[in-house]
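Here's a quick look at charged contacts and pocket lining in one protein. Have the structure open while you read.

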Amino acid sequence: MEAANLLTRHNEVCPLDVTIKIIDGKWKSIILCRLMTRSLRYSELLRSLSGCNRRTLSLQLTDLIHDHVVYKTINATCVPIETTYHLTKLGYSLVPLIKEMDTWGKMYLDNI
């Protein structure tokens, strides 16, 4: 995320808003959850996201790569070429946060 994009609706840099911007997106949280346990090829990710189309997945992955939480490797020796997605060190640092948010969400749903 570029410094110029860190200004939020509050007209100031808010670390919480930065975090929310990174994980916000219809499929980003699910993509991150899938990659928490293992690296996945593009086709594996697509199959695991019922209702997500190729274009949307590509856009969401591009955002996550741009934000330095996901990286991809390309194996050009295979036909077709294999593209595999992995969490970065920063991406792995989101894992405890995502798990806590999931726990909080479950508690919230149980209480409303």
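## Salt bridges and a pocket

Glu44 and Arg38 form a salt bridge, with their closest N and O atoms 3.9 Å apart. Keep in mind that this is a predicted model. Arg38 itself is partly exposed, at a relative accessible area of 48%.

Glu44 also meets the side chain of Arg41 in a salt bridge, 3.8 Å from N to O. Arg41 counts as partly exposed too, with 30% relative accessibility. Put together, Arg38, Arg41 and Glu44 are linked in a network of salt bridges.

Searching the whole structure turns up four salt bridges. Here are some of them:

| Pair | Closest N to O distance |
|---|---|
| Arg38 and Glu44 | 3.9 Å |
| Arg41 and Glu44 | 3.8 Å |
| Lys106 and Asp102 | 3.2 Å |

How far apart are Lys106 and Asp102 in helix α6? They sit four residues apart, so about one helical turn separates them. Asp102 is partly exposed, with a relative accessible area of 42%.

Asp102 also brings us to the largest pocket, since it is one of the lining residues there. That pocket has a volume of about 180 Å³. Its lining consists of Ile23, Asp24, Gly25, Ser29, Cys33, Ile98, Met101 and Asp102. By type, the lining residues split into four nonpolar, two polar and two charged.

Which helix gives the largest share of that lining? It's α6, with three residues. Both α2 (28-37) and α6 (95-111) supply at least two residues each.

Definitions and conventions. Residues numbered from 1 in each chain as written. Predicted model: local features only at pLDDT ≥ 70, side-chain atom pairs only at ≥ 80, totals over all residues. Heavy atoms only, no water. 1 Å grid on protein atoms, 1.4 Å probe; cavity = no way out; pocket = protein on both sides within 12 Å on 5 of 7 lines; lining within 4 Å. Points joined across faces, edges and corners; volume = space filled by probe spheres on them. Nonpolar A, V, L, I, M, F, W, Y, C, P; charged D, E, K, R; others polar. Buried < 20%, exposed > 50% of the residue type's maximum accessible area, 1.4 Å probe, protein only.
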